[in-house]
Amino acid sequence: MTVATKPLGFSLEALEPAMSARTLATHYGKHYAGYVDSLNRLVKLTEFEHMPLEDIIRHSNGKPDQSRQTIFNAAAQTWNHEFFWDCLAPNGGGVPPEPLRKQLERSFGSLAAFRTQFIEAGMKQFGSGWLWLLAKDDELQIVTTSNAHIPSPATCVPLLVCDLWEHAYYLDFQSDRAGFLGGFIDRLVNWRFVAERINAGNARLAA
């Protein structure tokens with residue numbers, strides 16, 4: 001099967017001023033679309049050609065040969081970006097809906113503490129990667145992954161992700177990753193989507 005690019009669900013200008021149309025157009029139309037195109041090219045005439053995206057990720061992850069690792073990188077980056085698009089919303093951020101707000105307060109002490117810890121975790125990630133909010137062991141946790149990697153779906157449910165690759169913010173923020181992360185939490189997060197992820201018991205990659 002051919003993997004198609006996921007529609008954004010909002011216009012390129014809809015996230016301004018927190019994320020410029022220029023940044024989103026480059027991110028979506030160049031970087032994300034590039035991963036999709038690469039994946040379709042890489043899996044052609046292979047055992048992965050007719051697999052759903054999640055199955056490609058599962059069957060290519062952690063394999064020793066370089067060709068499968070290359071396929072994993074393209075597939076995981078495709079999935080990560082599609083999840084990231086869902087985590088964005090025009091006029092996003094603000095106070096999360098109940099009971100998500102209470103769960104964040106219970107896990108991190110307060111919404112302000114969550115914001116601080118989320119930004120700090122993103123700043124500590126060396127190089128490229130992804131910043132996640134997860135549901136794991138009846139609590140919420142913040143973790144980072146390097147490059148294309150995704151938290152293990154066997155042990156947690158990804159709820160929220162922020163792209164830490166420079167192409168996600170460099171045109172707007174240059175090297176100010178903290179500014180980008182603060183704007184993401186304050187004005188971009190689609191809290192309704194996060195709440196739906198918690199409420200859906202099977203909201204995870206196929207195990």
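1. Pro99 lies in the loop that runs between helix H3 (66–86) and helix H4 (100–108). In this predicted model, the peptide bond joining Glu98 and Pro99 is cis, with omega at about -5°. Most peptide bonds are trans. A cis bond is also found between Glu16 and Pro17, where omega is about 5°. Pro17 belongs to the segment before helix H1 (21–43). Both sites deserve a look in the structure above.

2. The loop between H3 and H4 also holds Asn91. Its phi is near 55°, a positive value in a residue other than glycine. Most residues other than glycine have a negative phi. Asn91 counts as exposed because its relative accessibility is 81%. Leu45, which is not a glycine, likewise has a positive phi, of about 65°. Leu45 is placed in the loop between H1 and helix H2 (53–60). With 75% relative accessibility, Leu45 is over the 50% cut-off and therefore counts as exposed.

3. The next point concerns the packing of two helices. The axes of H4 and H8 come within 10 Å, crossing at roughly 80°. H4 is therefore roughly perpendicular to H8. On the H4 side the contact is made by Leu100, Gln103 and Leu104, and on the H8 side by Trp191, Val194, Ala195 and Ile198. By class, six residues of this contact are nonpolar, one is polar and none is charged.

4. Which residues of helix H7 (residues 177–188) are buried? They are Arg177, Phe180, Leu181, Gly182, Gly183, Phe184, Ile185 and Leu188. The list thus includes an arginine, Arg177. The elements that cover the buried residues of H7 include the helices H3, H5 (111–124), H6 (170–173) and H8 (191–199). Strands E1 (129–136) and E3 (157–163) are also among the covering elements.

5. Strand E1 pairs with two other strands. E1 and strand E2 (residues 139–146) run antiparallel and are joined by eight bridges. Within this pairing, Val143 of E2 is the bridge partner of Trp132. The two strands form a hairpin with two residues between them. In the turn of that hairpin, Asp137 has a positive phi of about 55°.

6. E1 is also joined to E3, by six bridges, and these strands again run antiparallel. Leu133 has Leu160 of E3 as its bridge partner, while Ala135 is matched with Val157 of E3. Why can E1 be described as largely enclosed by the rest of the structure? Six of its eight residues are buried. For E3, seven of the seven residues are buried, so E3 too is largely enclosed by the rest of the structure.

7. Aromatic side chains merit a separate point. The model contains 16 aromatic pairs. In one of them, Phe84 and Trp130 meet edge-to-face, at 6.4 Å centre to centre and with 70° between the planes. This pair links distant parts of the chain, since Phe84 is in helix H3 and Trp130 in strand E1, 46 residues apart. Both Phe84 and Trp130 are buried.

8. Phe114 and Phe118 form a tilted aromatic pair, at 5.5 Å centre to centre and with 45° between the planes. Phe114 and Phe118 are four residues apart in helix H5, so about one helical turn separates them. An α-helix has 3.6 residues a turn, so residues three or four places apart point the same way. Phe114 and Phe118 are both buried.

9. Which residues do the ring pairs link into a cluster? The cluster consists of Tyr28, Tyr32, Phe84, Trp85, Phe108, Phe114, Phe118, Trp130, Phe184 and Trp191. Several of these residues have already appeared above. Phe184 is one of the buried residues of H7, and Trp191 takes part in the contact of H8 with H4. Phe84 and Trp130 form the edge-to-face pair, and Phe114 and Phe118 the tilted one described for H5.

How values were computed:
Residues numbered from 1 in each chain as written. Heavy atoms only, no water. Buried < 20%, exposed > 50% of the residue type's maximum accessible area, 1.4 Å probe, protein only. Contact = heavy atoms within 4.5 Å. Axes fitted to C-alpha atoms, helices over the stretch in contact; angles between N-to-C directions. Parallel < 35°, antiparallel > 145°, perpendicular 65-115°, else oblique. Nonpolar A, V, L, I, M, F, W, Y, C, P; charged D, E, K, R; others polar. Pairing = 2+ DSSP bridges. Phe/Tyr/Trp six-rings, centres within 6.5 Å; stacked < 30°, edge-to-face > 60°.
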